[in-house]
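Dear colleague,

I am passing this structure on to you, and below it you will find what turned up when I went through it. Please look at the sequence and the model before you read on.

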Amino acid sequence: MIEQLKSIAEKALRDLESISTLESLEELRVAVLGKKGSLSEVLKGLGSVPAESRPAIGAAANEWKRKLEAALEARRTELEESRLSVQLEQERIDVTLPSRLAHSGSLHPITQTTRKIIQVFARLGFDVTTGPEIETEFLNFEAVNIPKDHPARDMQDTFFAGPGVVLRTHTSPVQMRSMREKGRWPVRILCPGAVYRCDDDATHSPMFHQIEGLWVDHGVKMSHLKGVLEFFAREIFGSDSKIRLRPSYFPFVEPGAEVDVSCFNCSGRGDDGCRVCRGSGWLEILGAGMVHPRLFEMAGFDKQAAYSGLTGFAFGLGVERIAMLLHRISDLRLMYQGDVRFLSQFRA
Ligand code: PHE
């Protein structure tokens, strides 16, 4: 029986050498040392062996078992280590590969330009205020001195949202709302927001953005308007920018002006082929003027006070127009198409 045990154990030790996976190692262990393994099977015959030889057989069996277990364990450790090193090799990370860039969003050029402009006027003490985009026909027109028969009210220009209700065609009604709400002066506000007109081509969109400015107080003069706008032009278009005022008409101001800034591309020289100003040296950027006294009346200001030196100036600018000039964007419609190839160029 001892011979039998020895040959089983020796064969198992030999088999062990050619084993190369943890799975077949386990199979071998079960086949030899398992409950129904070859070693156990032999030992089942122990009962029929004479009592005096049993201790020697038992000792030999235990010795072989111990040896086999130690050998199996050693082999297991070896196999586990090599499996791990294969795994490490296969899963190795190549730290020299270029990384995939995370996409990050950014503020829309219109938002960026609006904020930039607000920052400039905030330094002069202007407070930001807003009004509704759906406005009464009264505040959008009458209250800012645009009479019933004014061509801007034409169905072609204005979106009517219902009887007496329009999508505001400019931010000027916010002037009136602010003066009425406060009920007194001084008023020094900036009103950014969307406005709507029945227009649609490469330079006009049915929705665009304006920023309205209003400064009302005793002693506000046209020279203040000019100084404030010059400061604005220098901050936005460069420190050597100049402005010029051309007489113009807006019902809510008197006198009124259109304001041009010297071309930042050709430094106002009006170079022959300048793509920005097309050779004129000037860029039209906004409308402005001295607040028409009728607006103070409409605001409900005390008549006496209103006519004893209360003055003000107002201006209104198109944000898209300024963003297009600054970034040399040729088609307004790019602003609204949401194309990331366009928008990602404005990442700060
Ligand atoms: N509301 C005018 C427009 O939309 C702009 C403007 C505002 C002009 C204030 C003068 C004073 O065209």
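**Two unusual peptide bonds and one backbone angle**

Pro186 sits in the loop that runs between helix 7 and strand 5 (187–196), and the peptide bond that joins Trp185 to Pro186 is cis, with an omega of about 0°. Please keep in mind throughout that this is a predicted model. A second cis peptide bond leads from Glu254 to Pro255, again with omega near 0°, but Pro255 belongs to strand 8, whereas Pro186 is in a loop. These bonds are worth a look because most peptide bonds are trans, and most residues other than glycine have a negative phi. On that second point, Asn145 has a positive phi, near 70°, although the residue is not a glycine, and Asn145 is placed in the loop between helix 6 (137–140) and strand 3 (160–162).

**Domains**

The protein chain is divided into two parts, with domain 1 covering residues 2–90 and domain 2 covering residues 109–346. Taken over C-alpha atoms, the centres of domain 1 and domain 2 are separated by 93 Å.

**Helix 1, helix 2 and the cavity**

Helix 1 and helix 2 pack at an angle of about 175°, and their axes are 11 Å apart. Since angles over 145 degrees count as roughly antiparallel, helix 1 is therefore roughly antiparallel to helix 2. In this contact Ile8, Ala12, Asp15 and Leu16 of helix 1 meet Leu25, Leu28 and Val32 of helix 2, and by class the contact has six nonpolar residues, one charged residue and no polar ones.

The structure holds one cavity of 30 Å³ or more, and the volume of the largest cavity is about 40 Å³. Its lining is made up of Ala12, Leu16, Leu28, Arg29, Val32, Leu33, Leu68 and Leu72, and the elements that give two or more residues to that lining are helix 1 (2–17), helix 2 (22–33) and helix 4 (54–90). Helix 2 provides the largest share, with four residues. By class, the lining of this cavity has seven nonpolar residues and one charged residue, with no polar residue. Ala12, Leu16, Leu28 and Val32 are thus named twice, once in the contact of helix 1 with helix 2 and once in the lining of the cavity.

**Helix 11 and the helices packed on it**

Helix 11 (residues 319–327) takes part in a contact with helix 8 (residues 222–237), where the two pack at an angle of about 45° with axes 11 Å apart, which means that helix 8 is oblique to helix 11. Phe232, Ile236 and Phe237 of helix 8 meet Ile322, Leu325 and Leu326 of helix 11, and the residues of this contact by class are six nonpolar, with no polar and no charged ones.

Helix 11 also packs with helix 5 (residues 109–122), here at an angle of about 100° and with axes 9 Å apart, so helix 5 is roughly perpendicular to helix 11. On the side of helix 5 the residues are Pro109, Ile110, Thr113, Thr114, Lys116 and Ile117, and they meet Val319, Glu320, Ile322, Ala323 and Leu326 of helix 11. The residues of this contact divide into seven nonpolar, two polar and two charged. Ile322 and Leu326 of helix 11 are listed in the contact with helix 8 and also in the contact with helix 5.

**The largest pocket**

Which residues lie closest to the centre of the largest pocket? The space in this pocket is about 1500 Å³, and of the 49 residues that line the pocket, the closest to its centre are His204, Phe208, Glu284, Gly318 and Arg321. The elements that give two or more residues to the lining are helix 7 (172–182), strand 6 (207–218), strand 8 (253–262), strand 9 (282–291), strand 10 (310–318) and helix 11. Strand 9 gives the largest share, seven residues, and by class the lining has 24 nonpolar, 14 polar and eleven charged residues. Strand 8, one of the elements in this lining, is also where Pro255 with its cis peptide bond is found.

With kind regards

Conventions:
Residues numbered from 1 in each chain as written. Predicted model: local features only at pLDDT ≥ 70, side-chain atom pairs only at ≥ 80, totals over all residues. Heavy atoms only, no water. 1 Å grid on protein atoms, 1.4 Å probe; cavity = no way out; pocket = protein on both sides within 12 Å on 5 of 7 lines; lining within 4 Å. Points joined across faces, edges and corners; volume = space filled by probe spheres on them. Nonpolar A, V, L, I, M, F, W, Y, C, P; charged D, E, K, R; others polar. Axes fitted to C-alpha atoms, helices over the stretch in contact; angles between N-to-C directions. Parallel < 35°, antiparallel > 145°, perpendicular 65-115°, else oblique. Contact = heavy atoms within 4.5 Å. Domains from an automatic or database assignment.
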